[in-house]
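Hi everyone, thanks for making time this morning. I'd like to walk you through one model, starting with its aromatic rings and then stepping back to the whole chain. Have a look at it first.

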Amino acid sequence: FRRRIPDFQTLQFMEYHEKGIEKISIDEAEEMLLGVPFISLRDGMLYNDPSDRTVYMMEGGKRRPFNSGNTFLRLGKDFGDVISMSTKDISIIPIGDWIT
């Protein structure tokens, strides 16, 4: 499968952490089935794994968990901005320090 990479920061992260990325020709890419696009891993993006209630914020190539919903709201974040990510995709992102 080929998956769209939405921005340069996500590409940099994937090149460093994901060993399954190969450089191929445009002709080869056009023959491949299109998979689900990668979700942006830009700093400030908010994620969760639907099987877990923890919300993470991307910062410096790591997913940083919020220690509570109160902290999340106190920092002006909105639960409507949280993007659900598959367990497989979120598990490749290293965990950073708690946001308190």
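So, how many aromatic pairs does the structure hold? There are two of them. In one pair, Phe 66 meets Phe 72 with ring centres 5.0 Å apart and planes at 80 degrees, and because an angle over 60 degrees counts that way, the pair is edge-to-face. The other pair is Phe 72 with Phe 79: here the centres are 4.2 Å apart and the planes stand at 25 degrees, so this one is stacked. I should say right away that this is a predicted model, so please keep that in mind throughout.

Put the pairs together and you get a cluster of Phe 66, Phe 72 and Phe 79, linked through their rings. Now, which of these rings are buried and which are exposed to some degree? Let's take them in turn. Phe 66 has 6% relative accessibility, so it counts as buried. Phe 72 has 1%, and it counts as buried too. Phe 79 is another story: its relative accessible area is 45%, which makes it partly exposed, because that class runs from 20% to 50%.

There is one more ring I want to show you. Where does Arg 63 lie relative to Tyr 56? Arg 63 sits over the face of the Tyr 56 ring, 4.9 Å from the ring centre.

Okay, let's zoom out to the chain. Its secondary structure comes to four helices and four strands. If you follow the sequence from start to end, the pattern reads α-α-β-β-β-α-β-α. As for dimensions, the C-alpha trace spans about 50 × 20 × 20 Å along its principal axes.

How about packing? The chain has 100 residues, and 30% of them count as buried. Among contacts with a separation of 6 or more, 68% come from residues 24 or more positions apart.

Last, the surface and the charges. The chain exposes about 6900 Å², with carbon and sulfur atoms supplying 52% of that area. There are 13 positive and 16 negative charges, and the mean positions of the two sets are 7 Å apart.

If you take one picture away, let it be that cluster of Phe 66, Phe 72 and Phe 79. Thanks, all!

Technical notes
Residues numbered from 1 in each chain as written. Predicted model: local features only at pLDDT ≥ 70, side-chain atom pairs only at ≥ 80, totals over all residues. Heavy atoms only, no water. Phe/Tyr/Trp six-rings, centres within 6.5 Å; stacked < 30°, edge-to-face > 60°. Buried < 20%, exposed > 50% of the residue type's maximum accessible area, 1.4 Å probe, protein only. Lys NZ or Arg CZ within 6 Å of the ring centre and 35° of its normal. Helix = DSSP H or I, 4+ residues; strand = E, 2+ residues; numbered from the N terminus. Contact = heavy atoms within 4.5 Å. Areas by Shrake-Rupley, 256 points an atom, 1.4 Å probe, with all protein chains shown as cover. Lys, Arg positive; Asp, Glu negative; His and termini not counted. Charge placed at Lys NZ, Arg CZ, Asp CG, Glu CD.
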